[in-house]
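Let's take a walk through a protein fold, one strand at a time. Have a look at the sequence and the picture before reading on.

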Amino acid sequence: MKLLEGKTAIITGASRGIGKGIAGVFAQHGANVAFTYSSSSEAAITLENELQSHGVKVKAYQSNAANFEAAQQLVANVLEDFGAIDVLVNNAGITKDNLLMRMGEEDFDKVIEVNLKSVFNMTKAVQRTMLKQRQGSIINMSSVVGVKGNAGQTNYAASKAGIIGFSKSVALELGSRNIRSNVIAPGFIETEMTAKLDEATVEQWRAGIPLKRGGSPEDIANACVFLASDLSSYITGQTLHVDGGMLT
């Protein structure tokens, strides 16, 4: 059963990791996918070709979601190419980890700009279209760190906690127009980035998780499919923890 048949989704930061997983599962479920990437055009083109094999429309866009004008232009381009936007997944994000005493102002500002301001930019850009359609699902990617904090990640934790507050406010503002806004808070997800960590560190992480394993991008993608689909039509303003029980 294809849960997203006929829907069009924008996914930011989808050339690798969690975003790539979301784009793949969305295409399998029949969604037309517009996705953004920042620099890795080769990976983006490969993914675009790969996803088209599911018989859906797919297009990659090089765009910086942290830039207000770029977000406006992206949405205009997607509307021209696809005709509608039913789902927005704000997934683009970066880390610049350091203890607060060593963290420079630039490293704080950059993480807030890319992780949090991008959510404002993209939500603002799709709002008018979703209001016209009187329907839409906005899914914002937070983190277990945004809920419980983490030493060495004050900037990242602040950005991810901010996403939760922003999403709840959007849910209250747009609910009467049948536009839903929800959050996914992933735990330890094993991607290309975590593959660079040494095995002992990864094993230590896994041991501390009740399900005794790291999550996969597909675990996050499946939760996104639920929130993007009509199965969750009465759910808004919520944070779904996909973390193997880390916050239990």
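## Strands, helices and a core

Keep in mind that this is a predicted model. Start with a right-handed β-α-β unit: it is made by β2, helix α2 (residues 41-52) and β3. Another right-handed β-α-β unit is built from β1, helix α1 (residues 17-28) and β2.

So much for the units; here is how the strands pair up.

| Strands | Sense | Bridges | One bridge pair |
|---|---|---|---|
| β1 (residues 8-11) and β2 (residues 32-37) | parallel | 4 bridges | Thr8 and Asn32 |
| β1 and β4 (residues 87-90) | parallel | 3 bridges | Ala9 and Val87 |
| β2 and β3 (residues 58-62) | parallel | 5 bridges | Ala34 and Lys59 |

Now zoom in on β1. Thr8 and Ile10 point one way from this strand, while Ala9 and Ile11 point the other way. That fits a general pattern: in a regular strand, side chains alternate between the two faces of the sheet. Buried or exposed, what are these four residues of β1? They are all buried.

Next, the inside. The largest nonpolar core holds 34 residues, and Ile11, Ile22, Phe26, Phe35, Ile184 and Ile220 have the most contacts within it. Elements giving two or more residues to this core include β1, α1, β2 and α2, along with β5 (136-141) and α8 (217-228). The largest share comes from α8, with 7 residues.

Phe35 is a good one to click on. Leaving out residues up to four places away in sequence, Phe35 touches several others, including Ile11, Ala44, Leu47, Val58 and Tyr61. Apart from the largest core there is another one, of 19 residues, and Ile10, Ala125, Val126 and Ile179 are among them.

How values were computed
Residues numbered from 1 in each chain as written. Predicted model: local features only at pLDDT ≥ 70, side-chain atom pairs only at ≥ 80, totals over all residues. Heavy atoms only, no water. Buried < 20%, exposed > 50% of the residue type's maximum accessible area, 1.4 Å probe, protein only. Pairing = 2+ DSSP bridges. Right-handed = clockwise from strand over helix to strand, strands pointing away. Core = buried A, V, L, I, M, F, W, Y, C linked by side-chain atoms within 4.5 Å. Contact = heavy atoms within 4.5 Å.
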